[in-house]
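Notebook open, model loaded. I'm jotting down what I look up as I go, starting with a glutamate in a loop.

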Amino acid sequence: PLPSGRDTYRTLNDYNRDMAALAADHPKLVKSITLNHPSLEGRDVKGVEISDNVASTTDGKPVFLMLGVHHAREWPSGELSMEFAVDLVKNFGSDSRITGLLKKTRVIVVPVVNVDGFHQSRTWGDLVDTREVDNGGTVTVLANPGNAYKRKNCRLVDGTTPPPDQCYAPYNRYLGVDVNRNYGGLWGGAGAGTSPADETYRGAGPFSEPETQNIRELVSSRHVTTLITNHTFSNLVLRPPGVRKTGETVDEAAMKDLGGRMAAQNGYQNLHGYELYDTTGTTEDWSYGATGGFGYTFEIGPDEFHPPFSETVAEYVGAGDHAGKGNREAFLIALENAANSQTHSLVSG
Ligand code: 0X9
Ligand code: ZN
């Protein structure tokens, strides 16, 4: 089972409630954070920081950042991020490896970056491809079927903030900005759409969206040395660069090595982002370029954006023929990399 014991996908409220409870139950170890910018529809974007003596602001510990749900329909990316947080908290104090890691690092988990898109997708998720619902004799025709497979955020037209619930209107699944094409690094190049109707629409400019502004400001305010941004699907561990013509990064050997050690655990392929396809304006290309911290996209699972929940469980704990040993061990290896990449020695003791 998962560390939380859950057996269904969380809603946005479930995520927020679970993060608040984690912090309330473990005040020395977990701090709840709200990122700087509310979403276009006015929702808070929340996360947790986890570290031994989490309240310290001067410990100089390197940060491991884990992100989920840049893409609305990719529900397992939030679940595995959240479960990793729960796992660390559960095992602090009893598991010596995890205890040691949380003494040396600060872990920040933002399980749902694109809260508006996720809320839309998850809310309609039980009604995939269903246009009519029979409520015991009365047939209700849904106005907006298919939004379970929304990818982008709720930016309807550049410069326009949607009125409440407009993200739910028919066909608006195809409007919005692709949050994973809106980062400033290499923004606007290959593999990013220029039209608002494109599923990979880059947005009006680099960091035009609150979702990417949130992550930029979070990363800029911390010592992030290692980052995993979770997505679904394809069983891949992807490292920079995301676009072929950039050529290898100066950290190619080390990033390939860390990717390979993670891939040996989850059973995925260890590739450059561009070997899947070219992209620009993605999370790890920006963060690596801005900070030098190593960043990876995990494409979780073989073939579905949000499979039956049992498959998501297998992707975390292992078992399942495609899942290798699961992502738990891969995530811990990334956290160990953060622990070993102390870049600041300003603090003694
Ligand atoms: O296209 C994306 O943003 C990611 N795939 S997804 O199916 N989850 O949308 C992949 C981004 C990783 N980078 C590259 N492929 N270059
Ligand atoms: Zn994705």
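**Entry 1: Glu41.** I started at Glu41, which sits in the loop that links strand E1 (30-34) to strand E2 (46-50). Worth writing down before anything else: this is a predicted model. Buried or exposed, I wondered about Glu41? The count gives 20 C-beta neighbours inside 10 Å, and the cut-off for buried is 20 or more. So Glu41 goes down as buried. I also checked its distance to Ser287, which comes 246 residues away along the chain. The C-alpha atoms of Glu41 and Ser287 are 26 Å apart.

**Entry 2: overall picture.** I stepped back to look at the whole chain. I get nine helices and 10 strands for the protein. Of its 349 residues, 49% are buried. Then I looked at contacts between residues at least 6 apart in sequence, and 75% of those join residues at least 24 apart.

**Entry 3: the cores.** Which residues have the most contacts inside the largest nonpolar core? They are Ile50, Leu65, Ala85, Val89 and Val109, in a core of 66 residues. Helix H2 (residues 75-91) gives this core its largest share, seven residues. A second core, of five residues, lies apart from that one, and its members include Tyr183, Leu186, Trp187 and Trp286. Background reminder to myself: in soluble globular proteins, nonpolar side chains tend to be buried together.

I picked Ala85 for a closer look. Leaving out residues up to four places away in sequence, Ala85 touches Leu22, Val48, Ile50 and Val109.

**Entry 4: helix H2.** Next I ran the geometry of H2. Its 17 residues span 25 Å from first C-alpha to last, close to the 24 Å expected at 1.5 Å a residue. Why call H2 largely enclosed by the rest of the structure? Because 15 of its 17 residues are buried. After H2 comes Gly93, with a positive phi near 95°.

**Entry 5: helix H7.** I had already met Ser287 and Trp286, so I pulled up H7 (residues 283-291). Its buried residues are Thr283, Glu284, Asp285, Trp286, Ser287 and Tyr288. What do they pack against? I find strand E3 (63-67), helix H5 (210-220), strand E7 (224-232) and strand E10 (294-300). H7 also has a glycine after it: Gly292, whose phi is positive, near 80°.

**Entry 6: Glu299.** E10 sent me to the annotation. UniProt, in an unreviewed entry, lists Glu299 under "active site". Glu299 lies in strand E10. I count 22 other C-beta atoms within 10 Å of Glu299, so it is buried. Which residues does Glu299 contact, once neighbours within four places in sequence are set aside? The list reads His231, Thr232, Phe233, Ser234, Asn235, Leu236 and Leu238.

**Entry 7: the loop after E7.** Several of those contacts deserved a backbone check. General baseline first: most residues other than glycine have a negative phi, and most peptide bonds are trans. The bond from Thr232 to Phe233 is cis, with omega near 0°. Phe233 is in the loop between E7 and strand E8 (236-239).

Ser234 is in the loop between E7 and E8, and its phi is positive, near 150°, though it is no glycine. With 17 other C-beta atoms within 10 Å, Ser234 comes out as partly exposed. Asn235, in the loop between E7 and E8, has a positive phi of about 55° and is not a glycine. Asn235 is buried, with 20 other C-beta atoms within 10 Å.

I noted another cis bond, from Pro240 to Pro241, with omega near 0°. Pro241 is in the loop between E8 and helix H6 (252-266).

**Entry 8: ligand 1.** Last lookup: the shell around the ligand. How many residues surround ligand 1? I get 14, and the closest are His231, Gly242, Gly273, Leu276 and Thr279. By type, the shell has four nonpolar, eight polar and two charged residues. One link back to an earlier entry: His231 is also among the contacts of Glu299.

Conventions
Residues are numbered from 1 along each chain as its sequence is written. Chains are lettered from A and ligands numbered from 1 in the order in which they are written. This is a predicted model: local features need pLDDT of at least 70, side-chain atom pairs count only at pLDDT 80 or more; totals for chains, interfaces and linings use all residues. A residue is buried if 20 or more other C-beta atoms lie within 10 Å of its own, exposed if 12 or fewer, and partly exposed in between; C-beta atoms are placed from the backbone. Helices (H or I, at least four residues) and strands (E, at least two) are DSSP runs, numbered from the N terminus. Two residues are in contact if their C-beta atoms, placed from the backbone, lie within 7 Å. A residue is near a molecule or strand if its C-beta atom, placed from the backbone, lies within 6 Å of it. Ala, Val, Leu, Ile, Met, Phe, Trp, Tyr, Cys and Pro count as nonpolar, Asp, Glu, Lys and Arg as charged, and the others, Gly among them, as polar. UniProt positions are given in the numbering used here, feature names are shortened, and annotations may be inferred rather than shown by experiment. A nonpolar core is a set of buried Ala, Val, Leu, Ile, Met, Phe, Trp, Tyr and Cys residues joined through C-beta atoms within 7 Å. The expected span of a helix is 1.5 Å times one less than its number of residues.
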